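Trainee: I have a new structure open and would like to learn how to read it. Could you walk me through some features, one at a time?

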Amino acid sequence: MMATKSMKKAKIIIVTILICLLIINIFLGSVINNDKSTKVSKDTAIKLPYVVVHIDLKGSPPKLEYMESLLQGLKEHGVNGLLVEYEDMFPFDQNLAITAKNSYSCIGLKNFLTKAAHLGFEIIPLIQTFGHMEYILKLQQYKHLREDPSYFDSICPSHPESIVLIKKMLEQVIYFHNNISTLKFIHIGCDEVYHINKCTLCRQKRLVDLDIFVNHLQSVIGFVKEISPDTKVLMWDDMFRGINSDLPKTILHDTEPVYWDYKPKITISHIDLMKYRRKFQNIWIASAFKGADDRRSATRSWPGY
């Protein structure tokens with residue numbers, strides 16, 4: 001008897017759920033598919049100010065001619081921005097001695113960026129300023145700037161020569177881009193700073209890792225604003241994830257985080273996003289394509305914000 005009642009109750013619940021799903025389906029159909037076709041209404045499409053493709057020039061950088069051949073196709077697919085992570089492919093001043101032998105020429109790069117700008121692309125240069133500085137710190141003349149002598153990914157923010165080097169790099173890139181078109185955004189990297197607060201100079205300050213990170217970030221942002229006041233600063237967000245304390249207000253002006261990930265199964269922290277939304281004017285979202293099922297196939301792309 002009890003089993004029969006339980007079965008009837010279960011059937012009622014299942015029928016109720018099915019009816020609810022049917023109502024939801026009908027409602028969505030009326031909103032998205034009024035004409036009973038398979039096309040999504042343009043009114044329901046997500047509209048983003050920027051849809052950006054990340055061009056990472058580390059490893060095996062493409063020739064400028066090849067990248068130029070992609071521009072029209074990217075535009076037709078709705079892309080209106082390029083995030084160019086230069087690494088050592090930018091034609092830096094020879095005194096810096098960090099440019100690769102196969103780096104782009106000033107004339108060639110200027111022609112490419114000019115054509116991209118004429119096609120309506122927003123060009124966002126990315127210059128790493130803390131972590132992922134392997135292309136510099138692997139060189140013998142910059143080895144002394146490593147945070148940890150055994151690793152060449154992170155620069156020591158406490159060494160006087162570090163900020164001088166970073167300033168020179170940013171200055172050259174910003175001036176180069178501003179001479180082509182107004183530089184609205186620049187990306188300063190700052191992701192995956194795995195080695196921080198390790199060296200004697202940093203430990204002497206007796207600061208926690210977050211304070212070391214933020215102080216360096218403030219110095220970099222401050223310099224960008226000095227030479228290009230109207231340029232907004234973008235940065236990868238991962239060093240701020242999971243922080244229980246409030247984010248420092250001093251870094252928020254004209255700074256926007258880029259929330260990124262490319263794992264096979266992405267878990268997004270709504271707590272972090274809400275924290276960013278309360279503090280920053282905009283949040284950029286960086287997803288991935290090419291499968292992104294392991295480190296070898298993952299490549300970032302940007303749906304924008």
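Trainee: Let me begin with one helix: which residues of α5 are buried?

Mentor: Keep in mind that this is a predicted model. The buried residues of α5 are Ser-162, Leu-165, Ile-166, Met-169, Leu-170, Val-173, Ile-174, Phe-176 and His-177. Looking down the axis of α5, you find these buried residues within an arc of 165°, so they line one face of the helix.

Trainee: What is the general idea behind such a pattern?

Mentor: An α-helix has 3.6 residues a turn, so residues three or four places apart point the same way.

Trainee: What covers the buried residues of α5?

Mentor: The cover includes α3 (106-118), β3 (122-126), α4 (134-137), β4 (185-187) and α7 (209-227).

Trainee: How does the distance between the ends of α5 fit its number of residues?

Mentor: Helix α5 covers residues 160-178, and at 1.5 Å a residue its 19 residues should span 27 Å. The C-alpha atoms at its ends are 27 Å apart, which agrees.

Trainee: Can we look at single residues too? Is Ser-162 buried or exposed?

Mentor: Ser-162, which sits in helix α5, counts as buried because its relative accessibility is 0%, and the cut-off for buried is under 20%. Setting aside residues up to four places away in sequence, Ser-162 touches Leu-145, Ile-155 and Cys-156.

Trainee: And Phe-223, where is that found?

Mentor: Phe-223 belongs to helix α7, and with a relative accessible area of 9% this residue is buried. Outside its neighbours within four places in sequence, Phe-223 is in contact with Lys-167, Leu-170 and Glu-171. Phe-223 also shows how sequence and space can be read together: from Ile-163 it is 60 residues apart in sequence and 9.6 Å apart in space, C-alpha to C-alpha.

Trainee: Let me try another helix. Which residues of α3 are buried?

Mentor: They are Leu-109, Phe-112, Leu-113 and Ala-116. These residues cover an arc of only 90° around the axis, which puts them on the same side of α3. They pack against α2, β2, β3 and α5. On the other side of α3, Ile-107 and His-118 are exposed. You can repeat the span check as well: the 13 residues of α3 should span 18 Å at 1.5 Å a residue, and the end C-alpha atoms are 18 Å apart, which agrees.

Trainee: Now the backbone, please. How should I read a positive phi?

Mentor: Most residues other than glycine have a negative phi, and most peptide bonds are trans. In this structure, Gly-120, just after α3, has a positive phi of about 95°.

Trainee: Which residue other than glycine has a positive phi near 55°?

Mentor: Ala-97 does, and its place is in the loop between β2 and α3. Ala-97 is partly exposed, at a relative accessible area of 40%. Another case is His-132, which is not a glycine yet has a positive phi of about 55°. His-132 lies in the loop between β3 and α4 and is buried, with a relative accessible area of 18%.

Trainee: What is the general idea for strands?

Mentor: In a regular strand the side chains alternate between the two faces of the sheet. Take β5 (residues 232-236), where five of its five residues are buried. Lys-232, Leu-234 and Trp-236 are on one side, Val-233 and Met-235 on the other, and both faces are covered.

Trainee: How many bridges join β5 to β6, and how do the two run?

Mentor: Four bridges join them, and β5 and β6 (residues 255-260) run parallel. Met-235 stands opposite Pro-257 in β6. Strands β4 and β5 also run parallel, joined by three bridges, and Lys-232 in β5 is the bridge partner of Phe-185.

Trainee: Which strand is joined to β1 by five bridges?

Mentor: That is β2 (residues 81-85), which runs parallel to β1, with Ile-55 opposite Val-84. In β1 (residues 52-56), four of its five residues are buried. With helix α2 (residues 64-76), these two strands make a right-handed β-α-β unit.

Trainee: To finish, how many helices and strands are there in the protein?

Mentor: Eight helices and eight strands. Of the 305 residues, 42% count as buried.

Note on methods. Residues are numbered from 1 along each chain as its sequence is written. This is a predicted model: local features need pLDDT of at least 70, side-chain atom pairs count only at pLDDT 80 or more; totals for chains, interfaces and linings use all residues. Side-chain values use heavy atoms; hydrogens and water are left out. The expected span of a helix is 1.5 Å times one less than its number of residues. Buried means under 20% relative accessible area, exposed over 50%, partly exposed in between (1.4 Å probe, protein chains only). The arc is that of the directions from the helix axis to the C-beta atoms. Contact means heavy atoms within 4.5 Å. Two strands pair if DSSP finds at least two bridges between them. A crossover is right-handed if, with the strands pointing away from the viewer, the path from the first strand over the helix to the second runs clockwise.
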